[in-house]
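The following exercises concern one protein structure. Read each task, attempt it with the structure in view, and then compare your reasoning with the worked solution.

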Amino acid sequence: MGQVDCVVIAGAGIGGLCAALALAKQGIQVTVCEQAASLGEVGAGLQISPNAMRVLRELGLESELSQFVFKPQYAAIRDYKTGEYYLKLPLGKQAEARYGASYWHLHRADLHQVLAEACAQVGVKMVLNATVAGYRENTELKQVYLLLEDGREFSADLLIGADGIRSKVREQMLGQERPTFMGQVAWRGVIPVSDLTVDVKPDACVWAGPGRHFVTYYLRGGDYVNFVAVEERSDWRSESWREEGDVDELKHVFADWHPEVRELIKAANSTFLWALNGRDELPTWHKGRVVLLGDACHPMLPFMAQGAAMAIEDGYVLAKCLSNYALGDALLKYEQSRKPRATKIQQMSKANVGLYHMHGGVLGKMKLKALQAAGRFVPDVIQSKLDFVYGHDVTKN
Ligand SMILES: Cc1cc2nc3c(=O)[nH]c(=O)nc-3n(C[C@H](O)[C@H](O)[C@H](O)COP(=O)(O)OP(=O)(O)OC[C@H]3O[C@@H](n4cnc5c(N)ncnc54)[C@H](O)[C@@H]3O)c2cc1C
């Protein structure tokens, strides 16, 4: 039914590679243009929830990835000072039973490498040192041309902009508009467990505190602990949105926190500091023979750990729509099925700022106490709120 034989993708991030793999498995000829000189991802962890896991399983990657994972026992929210649990939701076997797929922690580099190898096996053509400058369309020839900065062009039936939050493809489609600084910065780091003097719980844990939160979870079978330390800031002055972080500053910002957090930071030799940016909902995700996915169209605060999960779902759904419908209808169906969900999760992620950062002083603390009571007495109510996120199955819909 589909009428697309050849696709060019801008960006070899997790979203671009998932789309490439799903399309190539359908027999579509795929070329991916990536600006970097070599394939890879940032040295940090990623939480992969059951909704994304189901896609990775459907793409045939579950067993290859399983050698790299850590399976957390609980999703926890703890008090920044006392360590008291405000939430302790079972993940592990209970998540598997509820959602039919696991909750995994993966090193980004491992996921990226497995995806890249799978793409190579099904004949995806990878072009590195390929910085996208824009595109042009020829409606008569029914072709779109991806234009690189060095003058090269790649023609295809469809162009997918998977080039992240500063997407050049989005810019040409919808106009130049810088992403918005969300008033948050994040330090990220990965620490070998052998360097730690504290026993970190095997959970996906958010330590909630005033104006800040701290996330910890294990990677690579428990050999490493990943941390993300978030602080509210009124501005971000640097031109770059990522810079080397100052470990002493990080220690200072979390100096009065629980010993588990402080000891963990003490073991960090280096860290990167990121400005967290976002965008409002875009008016559309597609135009002519061009379509967007992942952070290119719905960047979100990482406070639900769903940005990459949404990019993975996007790639799979887009490929499925292209196999079931003619191009125009396929892009329409793709946007109709993905935009409301991604937008809702963008909003849910933003709403977590207040909860994690105890906004409202005493009121903020009371909200966490209410969550604690609900988790104790009506845990299914809390769990069912997450069903919208984790229970969604794009491989079945
Ligand atoms: C601190 C933090 C923690 C997070 N934790 C999680 C988590 O636990 N779980 C989760 O699901 N998500 C998480 N996310 C979100 C997740 O990282 C992103 O949503 C996801 O990586 C987006 O993937 P993408 O492929 O759409 O874009 P990107 O990963 O940004 O990939 C875009 C690719 O395009 C390339 N590119 C860009 N411009 C050009 C150009 N002009 N020409 C050619 N190539 C180009 C880039 O080099 C890159 O390879 C987190 C984010 C942050 C900041």
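Throughout these exercises, contact means heavy atoms within 4.5 Å. The model is predicted, so local features need pLDDT of at least 70 and side-chain atom pairs count only at pLDDT 80 or more, while totals for chains, interfaces and linings use all residues. Residues are numbered from 1 along each chain as its sequence is written, and side-chain values use heavy atoms, with hydrogens and water left out.

**Exercise 1. Glu-260**

Task: State whether Glu-260 is buried or exposed, and list the residues with which it is in contact, leaving aside neighbours within four places in sequence.

Solution.
Step 1. Locate the residue: Glu-260 belongs to helix α8, residues 259-266. Helices (H or I, at least four residues) and strands (E, at least two) are DSSP runs, numbered from the N terminus.
Step 2. Recall the cut-offs: buried means under 20% relative accessible area, exposed over 50%, and partly exposed in between, with a 1.4 Å probe and protein chains only.
Step 3. Apply them: the relative accessible area of Glu-260 is 11%, so Glu-260 is buried.
Step 4. List the contacts: Glu-260 meets Arg-78, Val-198, Asp-199, Val-200, Lys-201 and Trp-207, when neighbours within four places in sequence are left aside.

**Exercise 2. The packing of α1 and α5**

Task: Determine how helices α1 and α5 are oriented to each other, and describe the residues of their contact.

Solution.
Step 1. Take the geometry: α1 (residues 14-25) and α5 (residues 108-121) pack at an angle of about 30°, and their axes are 9 Å apart. Axes are lines fitted to C-alpha atoms, for helices over the stretch in contact, and angles run from 0 to 180 degrees between N-to-C directions.
Step 2. Classify the angle: under 35 degrees counts as roughly parallel, over 145 as roughly antiparallel, 65 to 115 as roughly perpendicular and the rest as oblique. The two helices α1 and α5 are therefore roughly parallel to each other.
Step 3. Identify the residues: on α1 they are Ile-14, Leu-17, Cys-18, Ala-20 and Leu-21, and on α5 they are Leu-111, His-112, Leu-115, Ala-116, Ala-118 and Cys-119.
Step 4. Sort them: the contact of α1 with α5 has ten nonpolar residues, one polar and no charged. Here Ala, Val, Leu, Ile, Met, Phe, Trp, Tyr, Cys and Pro count as nonpolar, Asp, Glu, Lys and Arg as charged, and the others, Gly among them, as polar.

**Exercise 3. Two nonpolar cores**

Task: Name the residues that touch the most other members of the largest nonpolar core.

Solution.
Step 1. Define the term: a nonpolar core is a set of buried Ala, Val, Leu, Ile, Met, Phe, Trp, Tyr and Cys residues joined through side-chain atoms within 4.5 Å.
Step 2. Give the result: the largest core has 78 residues, of which Ile-9 and Ile-48 touch the most other members.
Step 3. Note the other core: a second, separate one of 63 residues includes Leu-196, Trp-207, Met-358 and Ala-374.

**Exercise 4. Positive phi angles**

Task: Compare the surroundings of Lys-142 and Met-358: which is buried and which is exposed?

Solution.
Step 1. Recall the background: most residues other than glycine have a negative phi.
Step 2. Note the angles: phi is about 55° at Lys-142 and about 50° at Met-358, although neither is a glycine.
Step 3. Place the residues: Lys-142 is in the loop between β8 (132-138) and β9 (143-148), and Met-358 is in the loop between α10 (327-356) and α11 (362-377).
Step 4. Decide: Lys-142 has 54% relative accessibility and counts as exposed, whereas Met-358 has 8% and counts as buried.

**Exercise 5. Tyr-103 and Asp-203**

Task: For each of these loop residues, find the accessibility class and the distance to a residue elsewhere in the chain.

Solution.
Step 1. Tyr-103 lies in the loop between α4 (92-99) and β6 (104-107), and at 6% relative accessibility Tyr-103 counts as buried.
Step 2. Tyr-103 and Leu-91 are twelve residues apart along the chain, and their C-alpha atoms are separated by 6.6 Å. Leu-91 is also one of the residues that Tyr-103 touches, as is Ile-48.
Step 3. Asp-203 lies in the loop between β12 (180-192) and β13 (204-209), and at 3% relative accessibility Asp-203 counts as buried.
Step 4. Asp-203 and Pro-90 are 113 residues apart along the chain, with C-alpha atoms separated by 9.2 Å. The contacts of Asp-203 include Pro-72, Tyr-85, His-105 and Thr-216.
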